[in-house]
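Visitor: I would like to learn how to read this model. Please take me through it feature by feature.

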Amino acid sequence: MTKELLEKLCCPIDKHDLEVNVFNEAEDGEILEGLLSCPECTRYFPVIYGIPILIPDEYRDESLEEPLLKKWGFELTESDDSELPLLEEKSGGQG
Ligand SMILES: [Zn+2]
């Protein structure tokens, strides 16, 4: 996914602009692994192998996303207010 494409992407739910964390970038600047997040609805969308995974809630599989999120230093936490788990950045330090 190129950064030009990123600028054209928005949240599929509310059309809000997405924020991005880049974890792995190609030499030409293409984003290979990263995390798009929507500040409006707090949804997050992983970028895997350069492909942004912008899919509706009902087709998402947390068990596929969770290992990647952990690798990138994020953690899913259950929320009482939302059907979606919340994404939290792990604070530094080990174990
Ligand atoms: Zn949104």
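**Reading the sheet and the core**

Guide: Start with one pair: Gly 34 has Val 47 as its bridge partner in β3. This is a predicted model, in which local features need pLDDT of at least 70, side-chain atom pairs count only at pLDDT 80 or more, and totals for chains, interfaces and linings use all residues. Residues are numbered from 1 along each chain as its sequence is written.

Visitor: What is the mean pLDDT of the protein chain?

Guide: pLDDT is the predictor's confidence in each residue, from 0 to 100. Where it is low, the predicted coordinates should not be read in detail. Here the chain mean is 87, and 92% of the residues reach 70 or more. Among the elements, β2 has the highest mean, 95, and strand β6 (residues 86-89) the lowest, 78.

Visitor: How many helices and strands are there in the protein chain?

Guide: Helices (H or I, at least four residues) and strands (E, at least two) are DSSP runs, numbered from the N terminus. This chain has 2 helices and 6 strands. Their order from the N terminus is α-β-β-β-β-α-β-β. The radius of gyration is taken over C-alpha atoms, and the globule rule is 2.2 Å times the number of residues to the power 0.38. The chain comes out at 13 Å, close to the 12 Å that the rule gives for 95 residues, so it is as compact as a globular protein of that length. Its C-alpha atoms fill a box of roughly 40 × 35 × 20 Å along the principal axes.

Visitor: What is the order of the strands in the open sheet?

Guide: Two strands pair if DSSP finds at least two bridges between them. The open sheet has 4 strands, ordered β1-β2-β3-β4, with antiparallel pairing. At the edges stand β1 (19-25) and β4 (51-52); each has a single partner strand, so one side of each lacks a neighbour in the sheet.

Visitor: Which residues of β2 are the bridge partners of Val 20 and Val 22?

Guide: Val 20 pairs with Leu 36, and Val 22 with Gly 34. In total, 6 bridges join β1 to β2. On to β3: 4 bridges join it to β2, again antiparallel.

Visitor: Which residues take a positive phi in the two hairpins?

Guide: In the β1 and β2 hairpin, with 5 residues between the strands, Gly 29 has a positive phi near 90°. In the β2 and β3 hairpin, with 6 residues between the strands, Thr 42 has one near 65°.

Visitor: Which residues make up the largest nonpolar core?

Guide: In soluble globular proteins, nonpolar side chains tend to be buried together. A nonpolar core is a set of buried Ala, Val, Leu, Ile, Met, Phe, Trp, Tyr and Cys residues joined through C-beta atoms within 7 Å. A residue is buried if 20 or more other C-beta atoms lie within 10 Å of its own, exposed if 12 or fewer, and partly exposed in between; C-beta atoms are placed from the backbone. The largest core has 8 residues: Met 1, Leu 18, Ile 31, Leu 35, Leu 36, Tyr 44, Phe 45 and Val 47. Two elements give two or more residues to this core, β2 (31-37) and β3 (44-48).

Visitor: Is Glu 66 buried or partly exposed?

Guide: Glu 66 has 14 C-beta neighbours inside 10 Å, so it counts as partly exposed. Its place is in helix α2 (residues 62-71).
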